Amino acid sequence: MPQPKDKDWLNGYKNKTPYMLSTRDPPQNRGHIQLLTVSPRAGRGQQAVRCSVVGEAWLQCLAQILLSAGTEGPCGGRSSPRDGHQTVRGHAEGGWQREGEGAQRAASQEQFTASMSHLLKGTAEEKSLVILNMISASGGPVKARDVHKFTEDLVGSVVHVLSYRRQLRGWSQKPPPGSPSRVQVLAAQLCSEMRLQGGGKLLGPQWLDRDCDQAVLEDWVFRAHHVAMFLSLVIHQGFLLLRSSLKLATLVPERQVDPQREFASVLDVLSVIYVNSHLPQERRLSWRLLFATELHGNSFAQLCGRIAHGGPCLVLLEDSDGHVFGGFASCSWEVKPQFQGDDRCFLFSVSPRMAVYTCTGYNDHYMYLNQGQQTIPNGLGMGGQHGYFGLWIDVDFGKGHSKAKPTCTTYGSPQLSAQEDFQFQKMEVWAVGEAPKAESVSLGRFSPLSV
């Protein structure tokens, strides 16, 4: 492998082996960054032992973690490493710099270890202090727009890490063409959980210039559990320094589809992670495709035959305006004229924004599936009431509605579709968790017994 060119560097240690992070941009890897691991006695100009290409957002996040160890925070004051201590180095603001090009921050190995401990095992207060130093070299209040940018970098890092470590488990790294960036959508959702000073929420551009101090970040880390979870994933899977208690199998469920047929879901790995995290713990290991219009056609009879008695599942739609939304059915669907399910059911949205809407307790109209009746509605519904469902798929397949003025009585959800009465061409139903013992639906095959 050719020797590194003179670009920007961050020097550090990985299991007592020096490494260097380089922004060298080879022609064949435009827009990426290299992680070069060098031998313990190698100098800057010597040949690297190994070279891996990783995403820029991943490197940026790792670098922020490294640099935060050298700033004021839970480690106990600004760093001043003693002679003989192993250090991590980098420039805190304005991009990376080579040695001798401007001021640098440094942290001893003990400080770096303390920062990792606070991020992985610390309280919300300890984690928020490290995050504050990752965003700002001064450790003072930051603007909401800085927190938003940090969150986008973090979410982007998660995608790069999972892809690079080959942990996507069958899911796509990117959303379907024409869909908005799920990195930005998920980052916006996480930031929306922040309560700014004065009680406002980060729900639009008008809030981006508001100040966020350590107390705001502490409350945010406590509320938005994905932030600490994503930091843990990037540290463990990015550095490969420590053993992780985070089980990727429960974070990213295994995608199970008929291997004989190609199928592209409307979901990408980030939207799967988000929805999966709201499922009951025992339902997070695997998703099995029961029905997809792309594979099984636009038929309500086919839908009923494939999902009835198939166990808890996720119903997912993309309307003609590109809105992606659905609901979680906590029990097996049954074709009958009564409401069914329980308060574990919920509705959700994936695009243009991510959100989950749980039961309000107002009524028990969780799930409804019926066909062949003349006096009551025929179709699939979740929440609300006859003729006014939070989510409705009509027996005249391809049509539906999402009515909420102002919200669905059962789930408290707003209108999920772009139009109140919508049309759709893409629908998916995923069974989650282990299949029921007496399941009459087999993967990839229609069972007439289940109609």
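User: Axes are lines fitted to C-alpha atoms, for helices over the stretch in contact, and angles run from 0 to 180 degrees between N-to-C directions. At what angle do the axes of α3 and α4 cross?

Analyst: This is a predicted model, in which local features need pLDDT of at least 70 and side-chain atom pairs pLDDT 80 or more, while totals for chains, interfaces and linings use all residues. Residues are numbered from 1 along each chain as its sequence is written, and side-chain values use heavy atoms, without hydrogens or water. Helix α3 covers residues 124-135, and its axis comes within 10 Å of that of α4. The two axes cross at roughly 95°.

User: Is α3 roughly parallel or roughly perpendicular to α4?

Analyst: The crossing is at roughly 95°. Angles of 65 to 115 degrees count as roughly perpendicular, under 35 as roughly parallel, over 145 as roughly antiparallel and the rest as oblique. Therefore α3 is, with respect to α4, roughly perpendicular.

User: Which residues of α4 make the contact with α3?

Analyst: Contact means heavy atoms within 4.5 Å. On the α3 side, Ile 131, Met 134 and Ile 135 take part. The residues of this contact divide into 5 nonpolar, no polar and 1 charged. From α4 come Asp 146, Val 147 and Phe 150.

User: How far apart are the axes of α4 and α5?

Analyst: Helix α5 spans residues 182-192 and packs against α4 at an angle of about 130°, which means that α4 is oblique to α5. Among the α4 residues that meet α5 are Val 147, Val 155 and Val 159, and the contact as a whole has 9 nonpolar, 4 polar and 1 charged. The separation of the axes is 9 Å.

User: Which helix gives the largest share of the largest nonpolar core?

Analyst: A nonpolar core is a set of buried (under 20% relative accessible area, 1.4 Å probe, protein chains only) Ala, Val, Leu, Ile, Met, Phe, Trp, Tyr and Cys residues joined through side-chain atoms within 4.5 Å. The largest has 69 residues, and Leu 162, Phe 230 and Trp 287 have the most contacts inside it. The largest share is 9 residues, from residues 144-164, which form helix α4.

User: How many residues does the other core have?

Analyst: It lies apart from the core of 69 residues. Its members include Leu 290, Tyr 366, Phe 422 and Ala 431. The number of residues in this other core is 32.

User: What share of the protein is buried?

Analyst: The protein contains 11 helices and 20 strands, taken as DSSP runs (H or I, at least four residues, for helices; E, at least two, for strands) and numbered from the N terminus. Of its 451 residues, the buried share is 52%.

Notes. Buried < 20%, exposed > 50% of the residue type's maximum accessible area, 1.4 Å probe, protein only. Nonpolar A, V, L, I, M, F, W, Y, C, P; charged D, E, K, R; others polar.
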